[in-house]
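This report covers the surroundings of a bound ligand and the domains that supply them.

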Amino acid sequence: MASNGAFKLAIIGAGGISNAHAAGVKANSQKLAISAVIDPIPANRTKLATDHAAEQFDSVDSFLAARAGGKAQADGVVVCTPPSARIQIIEKCLKAGLHVLAEKPIAHHLADAKKLAEMVQQYPKLVTALAYCHRFTPGVVEMKKLTAGGKIGKLTRFENCFATYFPALREKWMSDPAVSGGGSFIDTGCHSLDLFLFLVGTPKMQACVKEFAWEGRGESSATAIVKSAVQGSIYPGVGGVILSGWMEPDRFTVSLVGTEGTLSYDYLKPTELVFQSSRGGAAEVLTVETHEVRFAKQLLAFAEAAQTGNRGVLASFAEGVLTAEAVDAVGRG
Ligand SMILES: NC(=O)c1ccc[n+]([C@@H]2O[C@H](COP(=O)([O-])OP(=O)(O)OC[C@H]3O[C@@H](n4cnc5c(N)ncnc54)[C@H](O)[C@@H]3O)[C@@H](O)[C@H]2O)c1
């Protein structure tokens, strides 16, 4: 805990997504602080560390050594490295007594996912969670609540598309299966699978068609159908359509379809949750807080879990294995 009472975070991996977490910290500086930034690339770590007056380190080992010697502080870490680099980092941080929030997906393949889920069980006093941030999107939270309250009648389908036009990904680690585990499906499809898990139930893969725009790289798009498991699902036996893509127009939408109507959230209309009754008539537009707050809400939940033991809706590593199993079920080809 920082002297002002803020929960101290070390950011491990100061690339793209670390900026979203850093903005969440800035917006909640009474409760959260970045105390250390760890990244082998000097330009990346220096920018973030300077902005937050944090200590900087070129490796997790040097950070943990400094912390053990009283020269660095942290209550928890946010692991924002590519997936293939994470398992050793998480193990070292847990051994050092640090709470861990790790970016999605849990790992680049199922074997590491299972190893991680087993490993975190050895540290029951530490909070371990996966950064499936869409659980903290206010429109999604409201959709879950309204569906439980019967607004759309009987749930019949989940529909989710996270797609964008990003040809530069061909050259980045995200499309290198050795580092990321695949392509668009493990990258954004894992978010969709976790949303399905959060809103509907355990996703069991039924079918998946992938498109490969780039020779030797992971899939550039995927069209998947899942069904919620009979055991352990909020709504058993419900179908879901999951679309991911890197070479198509931007679409970021999630809908729950029921016998009485549909609730739809479009990330490009961030404050609107739309209800359309099955009986027709004008759509009802419900005002919700923007999805941009999801990273801040997730970090606050992480800090609260460490301080009070109340995990809220933070995704567990065991849940991460359920999404990893669905990704693994369709292989890499
Ligand atoms: N929640 C979301 O919406 C969301 C969005 C984008 C990315 N992500 C996830 O966040 C993770 C990082 O993605 P990104 O887009 O920020 O990637 P990135 O390539 O922009 O950044 C990764 C950073 O990690 C650093 N790094 C690599 N190995 C390291 C190590 N051993 N120790 C410390 N730092 C190391 C790199 O130098 C780089 O600065 C991925 O798992 C990705 O799937 C999540």
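In what follows, Ala, Val, Leu, Ile, Met, Phe, Trp, Tyr, Cys and Pro count as nonpolar, Asp, Glu, Lys and Arg as charged, and the others, Gly among them, as polar. On that basis, the shell around the ligand holds 16 nonpolar, 6 polar and 5 charged residues. The model is predicted.

**Ligand site**

The ligand takes up the space of the largest pocket. There are 27 residues around the ligand, and those that come nearest are Ile-17, Asp-39, Asn-44, Lys-104 and Trp-173.

Oxygen atoms of the ligand pair with polar backbone atoms of the residues Gly-16, Thr-81 and Lys-104. The distances are listed below.

| Protein side | Ligand side | Distance |
|---|---|---|
| Gly-16, backbone N or O atom | oxygen atom | 2.8 Å |
| Thr-81, polar backbone atom | oxygen atom | 3.5 Å |
| Lys-104, backbone N or O atom | oxygen atom | 2.8 Å |

The ligand taken alone exposes 850 Å², and 79% of that is buried by the protein. Lys-104 thus appears twice: among the residues that come nearest to the ligand, and with a backbone N or O atom 2.8 Å from a ligand oxygen atom.

**Domains**

The domain assignment of the protein chain gives domain 1 (7-133) and domain 2, which is made up of 135-291 + 316-328. Their C-alpha centres are 26 Å apart. In the contact between them, 22 residues come from domain 1 and 22 residues from domain 2.

Which domains supply the shell around the ligand? Domain 1 and domain 2 each contribute at least three residues to that shell.

Key:
Residues are numbered from 1 along each chain as its sequence is written. This is a predicted model: local features need pLDDT of at least 70, side-chain atom pairs count only at pLDDT 80 or more; totals for chains, interfaces and linings use all residues. Side-chain values use heavy atoms; hydrogens and water are left out. A residue is near a molecule or strand if one of its heavy atoms lies within 4 Å of it. A polar contact is a pair of N or O atoms within 3.5 Å; within protein, one must be able to donate a hydrogen and the other to accept it, and residues adjacent in sequence count only if both atoms are side-chain atoms. Accessible areas come from the Shrake-Rupley method with a 1.4 Å probe; for residues, only the protein chains shown count as cover. On a 1 Å grid over the protein atoms alone, a cavity is a set of points where a 1.4 Å probe fits but cannot get out, and a pocket is an open set with protein on both sides within 12 Å along at least five of seven lines; lining residues have an atom within 4 Å of a point. A molecule sits in a cavity or pocket if more than half of its atoms lie within 2 Å of its grid points. Domain bounds come from an automatic or database domain assignment. Contact means heavy atoms within 4.5 Å.
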